[in-house]
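Reader: I am in my first year and should like to study one part of a structure closely. Please show me the model before I put my request.
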Amino acid sequence: MLTDPEVLRYSRHLLLQDVDVTGQEKLKNSKVLIIGMGGLGSPAALYLAAAGIGTLIISDFDVLDVSNLQRQIAYSTADVGKYKVLAMKQRLEALNPQIRIRSINKEMSQEQLSMELSMIDLVLDCTDNMHSRQKINTACVQTKTPLLVGAAIRMEGQLMFFDNKLSDSACYHCIFPQNSDESLNCSNSGVLGPVVGIIGTMQALEAIKFIVGIPSELKNKLKLFDAKTLEWQTFSINKNLQCAVCGAIS
Amino acid sequence: MIINVNYQRMDVEIDLNIKQLFSLLKCDLDGHAVAVKQQVIERQKWASYQLQENDVVSVFQAIAGG
């Protein structure tokens with residue numbers, strides 16, 4: 001049941017046939033974990049808090065640096081030196097006091113991650129390194145937790161969705177099996193702020209659609225965004241039966 | 001035969017496979033993914049996957065940033 005203040009707050013959702021009261025109640029009853037409170041996590045967390053996700057769990061172990069502010073738009077200059085999850089929690093509580101926000105201020109072990117995943121509906125991977133991405137993917141496959149992956153660098157972005165509840169779901173490791181951090185990240189390659197914003201916002205959009213039950217074309221797909229041409233390319237990913245992470249799981 | 005790789009036209013030998021394409025491109029196998037006609041090709045098939053005339057091939061890197 002939505003309360004009167006919730007009906008007021010989410011009135012523009014309720015006007016949408018695709019959401020309506022039923023969809024808003026699904027959002028209210030949902031639990032979403034966002035890992036990484038940087039450039040992707042900033043818009044993703046803001047939109048999901050604003051949308052009325054009932055329980056939002058935010059995770060990061062980093063302290064805000066002044067060089068983050070060019071793209072991590074949830075923070076202000078006064079937050080420099082603070083733990084990102086603590087600054088973000090304050091920001092989200094101010095934005096929407098009607099939801100629950102829990103922060104995890106450390107790097108989770110594989111065991112803790114799996115335990116957290118057993119209690120939630122969806123994970124957003126908003127991290128900035130390959131080691132974390134592989135760890136999150138493995139835990140999501142093992143716990144059959146749906147995973148929305150976003151990544152961005154320079155002037156390009158990547159977006160993927162793996163519904164690990166489905167036996168034919170591919171996984172991140174099927175397409176990118178490497179564990180080393182030779183892959184590009186924002187610290188070593190640079191990034192244009194709005195590019196991470198676009199990908200993080202797309203993660204929030206797909207998260208809302210998934211929870212409400214609006215069909216998505218993103219399952220087992222990789223979308224590449226080129227910020228120079230504004231073109232999106234879409235690629236299909238089949239489950240790799242020889243994948244070391246998901247190949248043996250059906 | 002002519003194939004298209006990342007929007008560039010390439011004239012290559014008939015029956016070139018994906019692994020050989022990587023050598024031509026002087027590109028590391030690790031850290032990359034390949035799609036032919038919008039379908040990602042599993043890594044273990046690269047050595048046996050023969051490209052066809054007019055194939056549209058996309059080679060891209062994993063991105064970790066966020």
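Which residue in E5(B) is the bridge partner of B:His32? Please start from that pair and then set it in its surroundings.

Author: The bridge partner of B:His32 in E5(B) is B:Gln61. A word on the source comes before the detail. This is a predicted model, in which local features need pLDDT of at least 70 and side-chain atom pairs count only at pLDDT 80 or more, while totals for chains, interfaces and linings use all residues. Residues are numbered from 1 along each chain as its sequence is written, and chains are lettered from A and ligands numbered from 1 in the order in which they are written.

The pair belongs to two strands of chain B: E3, residues 32–36, and E5, residues 56–61, are joined in the antiparallel sense over 5 bridges. Here a strand is a DSSP run (E) of at least two residues, a helix is a DSSP run (H or I) of at least four, and both are numbered from the N terminus. Two strands pair if DSSP finds at least two bridges between them.

E3(B) also pairs with strand E4 of chain B, residues 39–40, again in the antiparallel sense, over 2 bridges. Within this pairing, B:Val40 of E4(B) stands opposite B:Ala35. The hairpin of E3(B) and E4(B) has 2 residues between its strands, and B:Lys37 there takes a positive phi near 50°. In a regular strand, side chains alternate between the two faces of the sheet.

Chain B as a whole contains 1 helix and 5 strands, in the order β-β-α-β-β-β from the N terminus on. Its C-alpha atoms fill a box of roughly 40 × 25 × 20 Å along the principal axes. The radius of gyration of chain B is 12 Å, which agrees with the value near 11 Å for a compact globule of 66 residues. This radius is taken over C-alpha atoms, and the globule rule is 2.2 Å times the number of residues to the power 0.38.

Chain B touches chain A through 18 residues of its own and 38 residues of chain A, where contact requires that C-beta atoms, placed from the backbone, lie within 7 Å. Among the elements that give two or more residues to the side of chain A are helix H7 (130–143), strand E5 (147–153) and strand E6 (156–162) of chain A. That side has 17 nonpolar, 16 polar and 5 charged residues. In these classes, Ala, Val, Leu, Ile, Met, Phe, Trp, Tyr, Cys and Pro count as nonpolar, Asp, Glu, Lys and Arg as charged, and the others, Gly among them, as polar.

Chain A has 10 helices and 8 strands. Its radius of gyration is 17 Å, close to the 18 Å that the globule rule gives for 250 residues, so chain A is as compact as a globular protein of that length.

One helix pair of chain A completes the picture. Helix H4 (residues 41–51) and helix H5 (residues 84–95) of chain A pack at an angle of about 30°, with axes 9 Å apart. H4(A) is therefore roughly parallel to H5(A); angles under 35 degrees count as roughly parallel, over 145 as roughly antiparallel, 65 to 115 as roughly perpendicular and the rest as oblique. Axes are lines fitted to C-alpha atoms, for helices over the stretch in contact, and angles run from 0 to 180 degrees between N-to-C directions. The residues in contact are A:Ala45, A:Leu46, A:Ala49 and A:Ala50 of H4(A) with A:Met88, A:Leu92 and A:Leu95 of H5(A). By class, this contact has 7 nonpolar, no polar and no charged residues.

Conventions
Contact = placed C-beta atoms within 7 Å.
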